[in-house]
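Let's take a friendly walk through one protein model, stopping at a handful of spots along the way. Keep the structure open and find each place as we get to it.

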Amino acid sequence: MHQIIRHFTDDDLYKFTMCCAVIENYPRTQVKYRFNDRDNTIYPPGFAAELTRQIKMLEDVVITDREIDFMRRRCRYIPSWFYSFLKGFRYDSRWVTVAQDRDGHLSVEFEGSWSNTILLEVKVLAIISELYYMMTCVSETLDYEGYYRRSWNKAARLISEGCMFSDFGTRRRASFRSQDTAVRAMKDCDSGSGGPGHFIGTSNVYLAMKYNLTPVGTMAHEFICAIAGMYGPQMANFLAMKTWANTYRGALGTFLYDTYGWRIFSLNFSEDYANMFKGLRVDSGDNRRQLDMIIEKYRSLNIDPLTKQIVFSNALDVDAAIELQRYAAGKCQPSYGIGTHFTNDFPGVKPMNIVIKLLAVKITESWPFYFETCKLSEDQGKYSGNPATVRRFMEALHLR
């Protein structure tokens with residue numbers, strides 16, 4: 001089978017921005033990650049062996065001068081030293097353990113330095129998703145000409161409704177070609193549209209370079225989860241905001257707040273950080289209720305919510321984004337990060353419900369043990385981590 005990941009920046013921007021922050025602030029931290037298939041999929045025989053081969057091929061994927069030049073121009077908030085790190089970076093398949101049981105269930109784990117393994121998650125998820133469709137022959141049925149038209153129409157509807165939107169679909173795309181097709185169609189639509197909305201860009205750095213778009217993204221839950229594992233969940237958001245602000249000096253100022261729910265974040269969200277960060281990202285819970293709580297918090301701090309950006313990314317499709325736009329317009333500066341609905345929306349094809357989450361962390365390699373961590377969020381269905389760890393974190397945060 002062909003090599004699925006062939007470009008170093010065929011990855012989401014937030015993996016690079018978090019990697020930079022990790023090296024600067026937690027250079028010796030060690031981590032463990034674990035794959036979770038929420039649908040308990042039965043994978044075809046030989047899937048683990050082919051996945052292992054694809055991960056081994058990542059060792060030959062290196063960043064090019066063209067990719068570095070693009071990131072220097074479009075990601076000016078990233079310090080120059082980080083590109084020297086990327087230039088010398090090499091994947092190592094020994095960081096990854098892959099297995100498949102007799103029933104066909106898949107197991108994937110990462111372990112190693114946080115600054116190294118952080119660059120595996122999105123690529124491995126994209127490989128698993130595309131490889132599954134290849135090995136089940138679904139990929140042979142995908143109509144890309146039709147997909148271009150449907151993607152163009154999605155963009156047209158969003159633009160006509162005044163939505164500012166981005167592609168967030170790398171992790172669970174049907175294929176690299178499907179994401180490429182969707183991004184190309186949405187850029188083409190945006191270029192010829194006179195509507196009030198706008199296709200902002202894509203989280204995929206390589207496709208942003210290919211189509212001269214803005215790479216979009218800041219951080220993921222793992223950043224807060226790792227800090228919570230090292231220092232406890234009560235102040236994890238505060239420490240994450242402090243670390244992020246010290247690293248990027250006000251750039252990349254959209255904070256992902258829901259790792260341990262709104263209540264503890266709100267207690268940590270003091271006036272100085274509320275003013276410093278440009279906005280917040282809503283990734284779980286009821287979108288309208290979350291927005292109402294955010295607006296109330298800003299007003300309690302004498303901050304006008306209309307000056308703040310709120311990014312919605314909670315399993316959106318076009319209809320949900322348009323409905324939110326009609327509710328949020330005039331209350332804040334709303335925008336929408338849409339993932340699977342953009343990159344894996346073929347008739348008759350079920351998108352995979354797969355994630356890779358941070359499981360455990362230790363501050364330095366010299367420690368003889370790890371501390372487990374978890375994610376709670378505003379939806380119990382999005383909780384991740386061992387049940388005992390989830391219970392311990394809930395008790396620490398007085399959640400029921």
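## Asp-190 and its neighbours

Not counting residues up to four places away in sequence, Asp-190 touches Ile-159, Gly-197, His-198 and Phe-199. One of these gets a polar contact too: the side chain of Asp-190 meets the side chain of His-198 at 2.9 Å. Keep in mind that this is a predicted model.

You'll find Asp-190 in helix α8. Is Asp-190 buried or exposed? With a relative accessible area of 17%, Asp-190 is buried, because buried means under 20%. Now hop over to Ala-156: this residue is 34 residues away from Asp-190 along the chain, yet their C-alpha atoms are separated by 7.6 Å.

## Two helices side by side

Asp-190 also has a part in a bigger meeting, the contact between α7 and α8. Two packed helices are described by the angle between their axes and the distance between those axes. Here, helix α7 (residues 144–160) and helix α8 (residues 176–192) pack at about 45 degrees, and their axes are 8 Å apart. Why do we call α7 and α8 oblique to each other? Angles under 35 degrees count as roughly parallel and 65 to 115 as roughly perpendicular, so the pair α7 and α8, at about 45 degrees, is oblique. The crossing of α7 and α8 is right-handed.

Who makes the contact? On the α7 side, the residues include Tyr-144, Tyr-147, Tyr-148, Ser-151 and Trp-152, while α8 brings in Arg-177, Ser-178, Thr-181 and Ala-182, among others. Sort the residues of this contact by type and you get 11 nonpolar, 3 polar and 4 charged.

## Thr-29, tucked into a loop

Next, look at the loop between α1 (13–25) and β1 (30–37), where Thr-29 is found. Thr-29 has a relative accessibility of 1%, so it counts as buried.

Which residues does Thr-29 contact, leaving aside neighbours within four places in sequence? They are Gly-112, Ser-113, Trp-114, Met-230, Val-361, Lys-362 and Ile-363. With Ile-363 there is a further detail: the side chain of Thr-29 reaches the backbone oxygen of Ile-363 at 3.3 Å.

## What covers helix α2

Helix α2 (residues 47–57) has a set of buried residues: Phe-47, Ala-48, Glu-50, Leu-51, Gln-54, Ile-55 and Met-57. An α-helix has 3.6 residues a turn, so residues three or four places apart point the same way. Try checking that idea against the list. As for what covers these buried residues of α2, the elements include β2 (96–100), β3 (106–113) and α6 (121–135).

## Two unusual backbone angles

Most residues other than glycine have a negative phi. Cys-137 isn't a glycine, but its phi is positive, at about 65 degrees. Cys-137 sits in the loop between α6 and α7, and it is partly exposed, with a relative accessible area of 41%.

Asn-212 has a positive phi as well, about 55 degrees, and isn't a glycine either. Look for Asn-212 in the loop between α9 (205–210) and β6 (214–215).

## Out at Ser-84

Last stop: Ser-84, in helix α4 (residues 81–88). Is Ser-84 buried or exposed? Its relative accessible area is 54%, so Ser-84 is exposed. The C-alpha atoms of Ser-84 and Tyr-231 are separated by 30 Å, and the two residues are 147 residues apart along the chain.

Conventions. Residues numbered from 1 in each chain as written. Predicted model: local features only at pLDDT ≥ 70, side-chain atom pairs only at ≥ 80, totals over all residues. Heavy atoms only, no water. Helix = DSSP H or I, 4+ residues; strand = E, 2+ residues; numbered from the N terminus. Buried < 20%, exposed > 50% of the residue type's maximum accessible area, 1.4 Å probe, protein only. Polar contact = N/O pair within 3.5 Å; in protein donor to acceptor, adjacent residues only side chain to side chain. Contact = heavy atoms within 4.5 Å. Axes fitted to C-alpha atoms, helices over the stretch in contact; angles between N-to-C directions. Parallel < 35°, antiparallel > 145°, perpendicular 65-115°, else oblique. Left-handed = near helix turned anticlockwise from the far one by under 90°. Nonpolar A, V, L, I, M, F, W, Y, C, P; charged D, E, K, R; others polar.
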